[in-house]
Amino acid sequence: MPDAVGLVDFDSDTRPDLFYVTGHVYPEVERTNPDYPYKGPRLLFQNVGDGKFVNVTEQCGSGLTTVHSSRGCAFGDFDNDGDMDVLVMNMNEPPSLLRADVKTKNHWLKVKLTGTESNRSAIGARVRVKCGTHWQVQQVESQSSYYSVNDFRLHFGLGSAKQADLVEIRWPSGKIERIRDVAGDCVTYIKEGAGIVRAVRFT
């Protein structure tokens, strides 16, 4: 049974992939019941569309295939290269930083919100991004799983599109802002009531 789960677009193809970690709290349980191991795998399933996922764990190296007792995970672009990385919280050992190095020509957009009437971190804000006829939705949350919180910069894969046709923000205050033609491959900073205040491209 997974202990922490995330739907994250690791290859920026507009379809969120499924990542989860497993592990038990008490090593003593395994000694009396081997069906409940203390350490378990980390698993990654690639979203191939039409509601289908393919297990690609074995293609991702020892960071996923080595078993641990993992209880939480947080997602974010740790090294600011455009793709998403994972920090995994483990029982009785240091956390694991899984750095992704995805080779793809797909584009992406990161959105960082700052509230004014809403709380400054914009927790509770919901962002919808439209590319062509395809919509994606994410929400700024204060916690993702056990001892874990995701990067507040929301990551949206754009696929072959170089920009998002529309970015819609529903702020906790109740305000709705819509911004058209937002450039991809950068972090776009949006301030409540002021729209885009800056955009940063990674080098």
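A residue counts as buried when its relative accessible area is under 20%, as exposed when over 50%, and as partly exposed in between. The exercises below use this scale on a predicted model.

**Exercise 1. Cysteines**

Task: Decide whether C131 is buried or exposed, and explain why its sulfur forms no bond with that of C186.

Solution.
- Step 1. The relative accessible area of C131 is 12%. The limit for a buried residue is under 20%, so C131 is buried.
- Step 2. The closest cysteine sulfur to that of C131 belongs to C186, at 13 Å. A disulfide requires two cysteine sulfur atoms within 2.5 Å, so this separation is too far for a bond.
- Step 3. C73 is likewise buried, because its relative accessibility is 1%.
- Step 4. In the structure as a whole there are 0 disulfides. C73 takes part in none, and the nearest cysteine sulfur to it, in C60, lies 14 Å away.

**Exercise 2. Nonpolar cores**

Task: Find which residues have the most contacts inside the largest nonpolar core, and list what L113 touches beyond its sequence neighbours.

Solution.
- Step 1. The largest nonpolar core comprises 19 residues, and L113, V127, A164, V167, I169 and I190 have the most contacts inside it.
- Step 2. Two or more residues of this core come from each of β8 (107-114), β9 (126-131), β11 (154-159), β12 (163-170) and β13 (176-183).
- Step 3. With neighbours within four places in sequence left aside, L113 contacts R120, S121, A122, A125, V127, V140, I169, W171 and I190.
- Step 4. Another core lies apart from this one; F19, V21, L64 and M84 are among its 14 residues.

**Exercise 3. A surface patch**

Task: Identify which residues form a nonpolar patch on the surface, and place L87 in its strand.

Solution.
- Step 1. The patch consists of F78, L87 and L97, whose accessible area together is about 290 Å².
- Step 2. L87 belongs to strand β6, which covers residues 85-90.
- Step 3. The relative accessible area of L87 is 34%, so L87 is partly exposed. Patch members need over 30%, and L87 meets that limit.

**Exercise 4. A loop residue**

Task: Describe where V102 lies and what it touches.

Solution.
- Step 1. V102 is in the loop that runs between β7 (96-98) and β8.
- Step 2. Its relative accessibility is 30%, so V102 is classed as partly exposed.
- Step 3. Not counting residues up to four places away in sequence, V102 touches F10, D11 and D83.
- Step 4. G82 is 20 residues from V102 along the chain, and the C-alpha atoms of the two are 9.1 Å apart.

Definitions and conventions. Residues are numbered from 1 along each chain as its sequence is written. This is a predicted model: local features need pLDDT of at least 70, side-chain atom pairs count only at pLDDT 80 or more; totals for chains, interfaces and linings use all residues. Side-chain values use heavy atoms; hydrogens and water are left out. Patches are made of residues with over 30% relative accessible area and no salt bridge: like charges are joined within 9 Å, nonpolar side chains (Val, Leu, Ile, Met, Phe, Trp, Tyr) within 5 Å. Accessible areas come from the Shrake-Rupley method with a 1.4 Å probe; for residues, only the protein chains shown count as cover. A salt bridge is a side-chain nitrogen of Lys or Arg within 4 Å of a carboxyl oxygen of Asp or Glu. Helices (H or I, at least four residues) and strands (E, at least two) are DSSP runs, numbered from the N terminus. Buried means under 20% relative accessible area, exposed over 50%, partly exposed in between (1.4 Å probe, protein chains only). A nonpolar core is a set of buried Ala, Val, Leu, Ile, Met, Phe, Trp, Tyr and Cys residues joined through side-chain atoms within 4.5 Å. Contact means heavy atoms within 4.5 Å.
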